[in-house]
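Hi,

Here is the structure I promised to pass on. Have a look at it first, and then read my notes below.

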Amino acid sequence: MAILEVRDLEVTIGSSTILRGISFDLEAGQTLGVVGESGCGKSMTGFAVMGMLPAAGCVSNGSIKLDGRDLTSLDAKGWQEIRGKQIALVMQDPFTSLNPMMRIGDQIAEVFMLHQGFDKKTAWVESVKMLDRVGVPAPESAASRYPHQLSGGQRQRVVIAIAFACKPKVLIADEPTTALDVTLQAQILRLILELKETEGTAVMLISHDIGVIGALSKRIAVVYAGRVVESGPSEEVLRKPAHPYTRALLAALPNPDRKQLDSIPGQPPDLRELSSGCAFAPRCPLAGPDCTEQPPLQIASKVHFAACWRVNETISV
């Protein structure tokens, strides 16, 4: 049974519709990979689930249900009870997501005090335990330091400690390794998955790297122009991509057998000027006259769907 259900989610900022009918399910202990180019709506989907939309943004349609409870009607107090305790977020840049004026231990302790009702002393002890659990060296000493006194990898471990402090039901990891080198990226991703297995947390892993997503996620949702254009089991989506955009993302991955990288022609669309047709059509090698109408999700297999009029053509390429 899905712990998080997102249905027909639309998000509007000002007069622009940023998300256009996003739908997905997430089960306990499952990792859903959300992939797409910058500006496609990946992070905005995560912010909507967290109740952290920009001041001018709002959910204009659809639902976000956690254990059957629709979160879209929550007020600020209601979100404060949910955010950090039942749904947690690991953001891209650990340096800017930590308070530079607070000690590391105090920032983790704040979560225990707010959501668990611990006193300051008990919360500090639990903070040190969390630092040790996520592999921060000398956790007692690290707890007394400030963010600038830790390395990038250690700061990201601190952010993960904060996120897992209350054993959330859902974790949103938004490009959690962007600012780290390759070795640290692997360590951080492994840590998130280990904690997920231990706690049974459902993880929504957001990335522009479809290779990483495929290796770590049970299911994949490919997002383009604020819409899920393909979804299914990771192995099937990667082995038999059913949407031209997914094929283009895979073709752009580094390959030692090729002398140069493939690129997707053109630019992502301006969401303020979208036509009524397929948003990917101007960049698609298979575009035809029928692409002037927006395609619904077509069945590629029993568990694999793609929003393309030429699903079968794409799979057979």
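What covers the buried residues of H7? Before I get to that, keep in mind that this is a predicted model. The mean pLDDT of the protein is 91, and 98% of its residues reach 70 or more. Helix H6 (residues 139-143) has the highest mean pLDDT among the elements, at 97, while helix H12 (residues 311-316) has the lowest, at 65. Where pLDDT is low, the predicted coordinates should not be read in detail.

Now, back to H7. The cover over its buried residues includes two strands, E6 (87-90) and E7 (170-174), along with helices H3 (94-97), H4 (104-116), H5 (120-133) and H8 (182-199). Eleven of the 13 residues of H7 are buried, so this helix is largely enclosed by the rest of the structure. Among the buried ones are Gly153, Arg155, Gln156 and Phe164. You can also check the length of H7 (residues 152-164): at 1.5 Å a residue, its 13 residues should span 18 Å, and the end C-alpha atoms are 19 Å apart, which agrees.

Next, the sheet. Four strands make an open sheet, with the order E2-E1-E4-E5 and antiparallel pairing. The edges are strand E2 (16-27) and strand E5 (69-70), each of which pairs on one side only. Helix H1 (residues 42-50) packs on this sheet and touches E1, E2 and strand E4 (57-66); the direction of H1 makes about 110° with that of E1. If you want to follow one pairing by eye, try E1 (residues 2-13) and E2: they run antiparallel and are joined by nine bridges. Leu4 is a handy place to start, as it stands opposite Leu26 in E2.

Last, a single residue to zoom in on: Arg283. Where does Arg283 lie? You'll find it in the loop between helix H11 (244-251) and strand E11 (298-301). Is Arg283 buried or exposed? Its relative accessibility is 7%, and the cut-off for buried is under 20%, so Arg283 counts as buried. The side chain of Arg283 makes a polar contact with the side chain of Tyr224 (3.1 Å). A polar atom of the Arg283 side chain also lies 2.7 Å from the backbone oxygen of Pro265. Leaving out residues up to four places away in sequence, Arg283 touches Glu37, Tyr224, Ile264, Pro265, Gly266, Gln267 and Pro268.

Have fun clicking through it!

Key: Residues numbered from 1 in each chain as written. Predicted model: local features only at pLDDT ≥ 70, side-chain atom pairs only at ≥ 80, totals over all residues. Heavy atoms only, no water. Buried < 20%, exposed > 50% of the residue type's maximum accessible area, 1.4 Å probe, protein only. Polar contact = N/O pair within 3.5 Å; in protein donor to acceptor, adjacent residues only side chain to side chain. Contact = heavy atoms within 4.5 Å. pLDDT = per-residue confidence, 0-100. Pairing = 2+ DSSP bridges. Axes fitted to C-alpha atoms, helices over the stretch in contact; angles between N-to-C directions. Expected span 1.5 Å × (residues − 1).
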